[in-house]
Amino acid sequence: MSDNWLNKVNWSEDGLVQVVTQEARSNTVLMVAWMNREALKLTVQTNEAHYWSRSRKKLWHKGEESGHVQKVKEIRLDCDEDVLLLTVEQVGGIACHTGRHNCFFNKLDNGQWVVVSPVIKSPEEIYKK
């Protein structure tokens, strides 16, 4: 397969595209991240999510440390060609580095941010070093 399909993506000036990752089973938005060309290409080749970490400035395979990989079921490109939607099977049920099911666990309630999702497994247990 040629890499021409990568050229359809409207990459940002810094070579990234935003990615919304959604769980296939429940349609829950698990996280939002970024990919560069290499991350997207690896994601397609392996059927597991790879992202670009802007803070660490490096490529990362989701679950490389935790084991909570994301098995990709479908990839879609939005109408402006500048956002990807990944539909995934979240292995282990934990997508967030805080040990929660997803990264959207803070809910605005009467002017206060309230944590509405429990920690499934503590980060200390997940990221043993």
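**Exercise 1. Place Val-69 in the fold and decide whether Val-69 is buried or exposed.**

Step 1. Val-69 sits in the loop that runs between strand 4 (58-61) and strand 5 (70-77). Keep in mind as you work that this is a predicted model.

Step 2. Now look up the accessibility. Val-69 has a relative accessibility of 12%, so this residue counts as buried. The cut-off used here is that buried means under 20% relative accessible area.

Step 3. Next, list the partners, leaving out residues up to four places away in sequence. Val-69 touches Glu-48, His-61, Lys-62, Gly-63, Glu-89, Gln-90 and Val-91.

Step 4. Finally, try a distance. Val-69 and Phe-104 are 35 residues apart along the chain, and their C-alpha atoms are separated by 18 Å.

**Exercise 2. Follow Phe-104 to the surface: which residues form a nonpolar patch with Phe-104?**

Step 1. Start with the location: Phe-104 belongs to the loop between strand 6 and strand 7.

Step 2. With 47% relative accessibility, Phe-104 counts as partly exposed.

Step 3. The partners are Val-29 and Val-32, which form a nonpolar surface patch together with Phe-104. The accessible area of the three together is about 240 Å².

**Exercise 3. Stay in the loop between strand 6 and strand 7 and describe the surroundings of Thr-98.**

Step 1. Thr-98 lies in that loop, ahead of strand 7 (106-109).

Step 2. Because its relative accessibility is 17%, Thr-98 counts as buried.

Step 3. For polar partners, check the side chains: Thr-98 makes a polar contact with the side chain of Arg-100 at 3.1 Å.

Step 4. Setting aside residues up to four places away in sequence, Thr-98 touches Phe-105, Val-119, Lys-121 and Pro-123.

**Exercise 4. Find which residues of the largest nonpolar core touch the most other members, and trace where the core comes from.**

Step 1. The largest nonpolar core has 19 residues, and those touching the most other members are Met-35, Leu-40, Tyr-51 and Leu-86.

Step 2. Two or more residues of this core come from each of strand 1 (17-23), strand 2 (29-35), helix 1 (37-46) and strand 6 (83-90).

Step 3. Strand 2 gives the largest share, with four residues.

**Exercise 5. Work through the salt bridges: how many are there, and what do they tie together?**

Step 1. The count comes to six salt bridges. Three of the pairs are taken up below.

Step 2. Take Glu-81 and Lys-8. Their side chains meet in a salt bridge, with 2.8 Å from N to O. Glu-81 is in the loop between strand 5 and strand 6, while Lys-8 is in the segment before strand 1, so this pair ties together parts that are 73 residues apart in sequence.

Step 3. Compare that with the backbone: the C-alpha atoms of Lys-8 and Glu-81 are separated by 7.0 Å. Beyond its neighbours within four places in sequence, Lys-8 is in contact with Leu-77 and Glu-81. Glu-81 counts as partly exposed, at 25% relative accessibility.

Step 4. Move on to Glu-89, which you met in Exercise 1 as a residue touched by Val-69. Glu-89 forms a salt bridge with Lys-73, and the closest N and O atoms are 3.6 Å apart. Since Glu-89 lies in strand 6 and Lys-73 in strand 5, the pair ties together parts that are 16 residues apart in sequence. Glu-89 is partly exposed at 37% relative accessible area, whereas Lys-73 is exposed at 54%.

Step 5. Glu-74 pairs with Arg-76 in a salt bridge, where the closest N and O atoms are 2.8 Å apart. Glu-74 counts as partly exposed, with 35% relative accessibility.

**Exercise 6. Return to the loop between strand 4 and strand 5 and describe the contacts of Ser-66.**

Step 1. Ser-66 is found in this loop, where Val-69 also has its place.

Step 2. The Ser-66 side chain reaches the backbone nitrogen of His-68 at 3.0 Å.

Step 3. Apart from neighbours within four places in sequence, Ser-66 is in contact with Ile-126 and Tyr-127.

**Exercise 7. Check two phi angles, those of Asn-27 and Asn-110, and say where each residue lies.**

Step 1. Asn-27 has phi near 65 degrees, a positive value in a residue other than glycine. Asn-27 lies in the loop between strand 1 and strand 2 and counts as exposed at 52% relative accessibility.

Step 2. Asn-110 also has a positive phi, near 50 degrees. Asn-110 lies in the loop between strand 7 and strand 8 (112-115) and is exposed, with a relative accessible area of 75%.

How values were computed:
Residues are numbered from 1 along each chain as its sequence is written. This is a predicted model: local features need pLDDT of at least 70, side-chain atom pairs count only at pLDDT 80 or more; totals for chains, interfaces and linings use all residues. Side-chain values use heavy atoms; hydrogens and water are left out. A nonpolar core is a set of buried Ala, Val, Leu, Ile, Met, Phe, Trp, Tyr and Cys residues joined through side-chain atoms within 4.5 Å. Buried means under 20% relative accessible area, exposed over 50%, partly exposed in between (1.4 Å probe, protein chains only). A polar contact is a pair of N or O atoms within 3.5 Å; within protein, one must be able to donate a hydrogen and the other to accept it, and residues adjacent in sequence count only if both atoms are side-chain atoms. Contact means heavy atoms within 4.5 Å. Patches are made of residues with over 30% relative accessible area and no salt bridge: like charges are joined within 9 Å, nonpolar side chains (Val, Leu, Ile, Met, Phe, Trp, Tyr) within 5 Å. Accessible areas come from the Shrake-Rupley method with a 1.4 Å probe; for residues, only the protein chains shown count as cover. A salt bridge is a side-chain nitrogen of Lys or Arg within 4 Å of a carboxyl oxygen of Asp or Glu.
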